[in-house]
Amino acid sequence: MLPFPQPIKPLLHVRSTLLLGGLQSLRDAGLGHAYDATVPPEVREVIVTSVAGMWLPVATAVAHYLACDRIGVSAESAAQIGRGTFERTKGLLLGTAISLAKSAGATPWTLFPHVQRFWLRGNDGGGLRVFRLGPKEARLDVVGCPIFASRYYRAAFRGLCGSVIGLVSRRVYVHEQPVGDADSAVTMRIQWV
């Protein structure tokens, strides 16, 4: 349904808005002190002093999410935090597509052809593709993203995917599938009703 872009550029930068939104979601979940105790001070400083919308090096994002791994949050809690981050950042990621999707009777199939564009609003590099598996089932593959080395980020991304598809469906199920290069790629199986 959506092939990988060619060529696939490696992820170089991440929008500060995503990291700031994620950090606020951690704080809202009562995990701010645990995060502050695990993140390298220089990484925290770069994130908290950034201005929304600026590009931060991917190394900063990787260090941020590896610190989140050390907090020891369950995969389901990380997915919930990812959903909260989506609520904070959906304007950046989807822009006017949100209102169009809600008002025009869109379905997930309407959104899938645009996921690469949505991804690139928050990430400078990486590639996505989508396969149609059934009438209400798809597979999303993401490559070229070293942030997936973080278990926390993979779970939070699963929550974010569910929130995006949840804009145009009543119920969504997202499951991470095994992938060969788990340090820079992820595969999500998405089903909805």
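This is a guided tour of a predicted model, with suggestions for what to select next and what is found there.

**Starting at the N-terminal segment**

Begin by selecting glutamine 6 and proline 7, which are joined by a cis peptide bond with an omega of about -5°. Most peptide bonds are trans. Proline 7 has its place in the segment before E1, and that strand is the next stop.

**The open sheet E2-E1-E3**

Select strand E1, residues 13-15, together with E2; these two strands run antiparallel and are joined by three bridges. If you centre on valine 14, you will find that its bridge partner in E2 is leucine 56. Now add E3 to the selection, and you have an open sheet of three strands in the order E2-E1-E3, with antiparallel pairing. Strand E2 (55-57) and strand E3 (123-124) are the edge strands, each pairing on one side only. Before leaving this part of the model, show the side chains of arginine 15 and tryptophan 55: the charged end of the arginine sits over the tryptophan ring, 3.9 Å from its centre.

**Helix H1 and its neighbours**

Move to helix H1, residues 16-28, and pick out serine 25 within this helix. Is serine 25 buried or exposed? Serine 25 counts as buried, because its relative accessibility is 5%, under the 20% cut-off. Leaving out residues up to four places away in sequence, serine 25 touches Ile81, Gly84, Thr85 and Arg88.

Next select leucine 26, whose contacts beyond four places in sequence are Leu31, Gly32, Tyr35, His64, Cys68, Ile71, Ile81 and Tyr152. Leucine 26 belongs to the largest nonpolar core, which has 55 residues, and is listed with Tyr35, Phe112, Leu140, Ile147 and Phe157 as the members that touch the most others. Helix H9, residues 151-166, gives the most to this core, with nine residues.

**Helix H5 and the aromatic cluster**

Go now to helix H5, residues 75-94, and select serine 77 there. Serine 77 is partly exposed, with a relative accessible area of 34%. Add tyrosine 152 to the view: although 75 residues separate serine 77 and tyrosine 152 in sequence, their C-alpha atoms are 9.2 Å apart in space.

From tyrosine 152, extend the selection to Tyr65, Trp119, Phe148, Tyr153 and Phe157, since ring pairs link these residues with Tyr152 into a cluster. The count of aromatic pairs in the model comes to nine. A pair of aromatic rings is described by the distance of the centres and the angle of the planes, which can be inspected in the viewer.

**Strands E4, E5 and E7**

Select strand E4, residues 127-134, and then E5; the two run antiparallel and are joined by seven bridges. A hairpin of two residues connects E4 to E5, and leucine 128 has valine 142 as its bridge partner in E5. While the side chains of this region are on display, look also at arginine 132, which lies over the face of tryptophan 109 at 4.1 Å from the ring centre.

Strand E5, residues 137-143, is mostly covered, with five of its seven residues buried. E5 also pairs with E7, through six bridges and again in an antiparallel direction; here the bridge partner of glutamate 137 is glutamine 191.

Follow the chain back from E7 to the loop between strand E6 (172-177) and strand E7 (186-192), where serine 184 is found. Serine 184 is buried, with a relative accessible area of 19%. Its contacts, leaving aside neighbours within four places in sequence, are Val142, Val143, Gly144, Cys145, Pro146 and Phe148.

**The cysteines**

For the last stop, select cysteines 68, 145 and 161. How many disulfides are there? The count comes to zero. The sulfur of cysteine 68 is too far away for a bond, because the closest cysteine sulfur, in cysteine 145, lies at 14 Å, whereas a disulfide needs sulfur atoms within 2.5 Å. Cysteine 161 is likewise in no disulfide, and the nearest cysteine sulfur, again that of cysteine 145, is 11 Å away. Cysteine 68 is buried, with a relative accessible area of 1%, and cysteine 161, at 7% relative accessibility, also counts as buried.

Conventions:
Residues numbered from 1 in each chain as written. Predicted model: local features only at pLDDT ≥ 70, side-chain atom pairs only at ≥ 80, totals over all residues. Heavy atoms only, no water. Buried < 20%, exposed > 50% of the residue type's maximum accessible area, 1.4 Å probe, protein only. Helix = DSSP H or I, 4+ residues; strand = E, 2+ residues; numbered from the N terminus. Phe/Tyr/Trp six-rings, centres within 6.5 Å; stacked < 30°, edge-to-face > 60°. Lys NZ or Arg CZ within 6 Å of the ring centre and 35° of its normal. Contact = heavy atoms within 4.5 Å. Pairing = 2+ DSSP bridges. Core = buried A, V, L, I, M, F, W, Y, C linked by side-chain atoms within 4.5 Å.
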